[in-house]
Every structure is written in C-alpha cells, then in structure tokens.
Amino acid sequence: MSLPPYASPVEKVWFWVFRLFCGLILLFLIAPVLVIVPLSFSSGSFLTYPLPGFSLRWYEAIFTSSAWMGALKNSLIVAPLATLLAMIFGTLAAVGLNRAEFPGKGLIVALLISPMVVPLVIVAVGMYFFFAQVGLLNSYTGLVLAHTVLGVPFVVITVNATLQGFDFNQVRAGASLGANPMRVFFTIVLPQIVPGVASGGLFAFATSFDEVVVALFIASPTERTLPIQMFSGIRENISPAIAAMATILILISTLLLVTMELLRRRSERLKGNA
C-alpha cells in the first residue's frame, strides 16, 4: 500500500511513523531469534557475547556427530511421512465437511482441530496411554501417526479456506459428462485446491519437524528426533552446536515461509483467472 498523491502532510507523517512503529515491533519480536545466528559462528565453547572469534567448528561438529546426524535422519523420516498422511487425511476431511451437511458436523470439526487448541502436553499424555494399549509406543509408526494427528488440523483449515472460493458447479459438470467421482476429484477439484493442500502440508511439516513434547512421550532413544536432541543438549550441556543447528532450522523455516507466500500468490492468480 502506497500513499495517494493527494495525501496531506499530516497523513504522510502518520504513514511513515506507523510503518516505523510496526518495523520496531517486528524487530523486537525477531531479535531473540536473530541473536542466535552470530553465536553459531563463535570460536568459543560457550554461548557468550562478545564473540571471542568466528569459526565454523560447530557446524563441522554437528555434521560429523553421529548423535546429531542420527536425530536429523529420524526427523527427515518422520516429518515427510507425517506430512504426506496429514495432507491426504486433511484434504479428504476438508472436502467432505465442506460439501456435506449433517447433525454433529460442528462437533466433528471441533474434534479435528482440537490438537491445535488443547495444550500439547495433554495431547501427548493421551497419545501415550492410547498408543501403549495398541502397541505403538517406541516405534516410528507411532511417532508418524502422532505427528499426523498434529498436522491434520492445519491441512483441514487451509483446504477449507481454499474451497470457499471453489465453484462446485464444475463438479456437477464433470459428473454430467460421465466422469466418476474419483476422476472428478483428481482432474477438477485437486488442481484448484493444490495451493491450500500444499500450504497445509508445509505447516504440518514444520509442526512435525519442530515438535518435541509428543516425541518425548512416544519415541524411544532410537527414534530420537532433532528437537529431542536439541532439548537434551540444552538440559545437559549447552554449547554453540545447538546455536548452529538452530540457525539451520531458522533457514529452513524461512524457506518454508517464502514457499507459502509463493503458493498464496499463485492461489490469488488462479482466483483472478477463474
């Protein structure tokens, strides 16, 4: 948004003061995150300012450590699988709930998004007792399913928002031309809601990749994920290696945000062309 050419001097001053104020608030919010980045390049053995020197030793330490690489491998196994399942289940749930009207629909929606609302430790305890009954504790399967439950609400919300602008007359047109429901979904519905599905998938991936509470309850030492490894490092021995891994995660999060913004713009273009 830019200033109109007829803006008064007072409006121009307020325009720049307001943006400066918003910029300072943004800086205040992200400053604790940005402080971590220089610490990852410290040549010292402690998280201290001023830095004694610059070095890449801590990046080398995490990439040559079996513990860090094992945790990273586990996260790269669990997060994509949980994201894929969350995208499938969340998309189907969103499409079904958007089209159907039945008693108790609001209750089902509330149950689907409850993992976002209920405190995570309560969700973790509930999953622990349930998975213990069905034999899914201390397994990749249990961890993937647990993270799928946490990711589904994000997909449901984003896909449902995308479906608000979808013209379901296209579905009727496809059916009238002889296409079965499966073909209609994959050739008409899915291509138009891909931005919502992908955005929800990115949120689900970020949630799984960053989740520590549920993983502490569900995972065994062999399924130790990256957040658990970082949590253990903070509790037992704080070193700049944690700052190095945190910097890598900040970079990954930034790439995810950029991807989501590109998907949002693509969705707007599709709506404009429709």
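**Serine 75 and the cores around it**

With a relative accessibility of 3%, serine 75 counts as buried, because the cut-off for that label is under 20%. The model discussed here is a predicted one. Serine 75 sits in helix 4, and its side chain comes to 2.8 Å from the backbone nitrogen of leucine 226. Setting aside residues up to four places away in sequence, serine 75 touches Pro80, Phe209, Thr225, Leu226 and Pro227.

Leucine 226 makes a good next stop. Once its neighbours within four places in sequence are left out, leucine 226 is in contact with Ser75, and also with Trp68, Ala71, Leu72, Phe209, Met245 and Leu249. Several of these names come back in the largest nonpolar core, which has 21 residues. Those with the most contacts inside that core are Ile62, Trp68, Phe209, Leu226, Met230 and Met245. Two or more residues each come from helix 3 (57-63), helix 4 (66-99), helix 9 (181-210), helix 11 (226-236) and helix 12 (240-273). Helix 12 chips in the most, with nine residues. Apart from this core there is another one, made of 18 residues, including Ala86, Val152, Val156 and Ala204.

Then there is helix 1, which covers residues 9-34. Its 26 residues reach 36 Å from the first C-alpha to the last, close to the 38 Å expected at 1.5 Å a residue. Even so, helix 1 has a kink of about 30° at phenylalanine 28, shortly before proline 32.

Key
Residues are numbered from 1 along each chain as its sequence is written. This is a predicted model: local features need pLDDT of at least 70, side-chain atom pairs count only at pLDDT 80 or more; totals for chains, interfaces and linings use all residues. Side-chain values use heavy atoms; hydrogens and water are left out. A nonpolar core is a set of buried Ala, Val, Leu, Ile, Met, Phe, Trp, Tyr and Cys residues joined through side-chain atoms within 4.5 Å. Buried means under 20% relative accessible area, exposed over 50%, partly exposed in between (1.4 Å probe, protein chains only). Helices (H or I, at least four residues) and strands (E, at least two) are DSSP runs, numbered from the N terminus. Contact means heavy atoms within 4.5 Å. The expected span of a helix is 1.5 Å times one less than its number of residues. The bend at a residue is the angle between axes fitted to the seven residues ending there and the seven starting there. A polar contact is a pair of N or O atoms within 3.5 Å; within protein, one must be able to donate a hydrogen and the other to accept it, and residues adjacent in sequence count only if both atoms are side-chain atoms.
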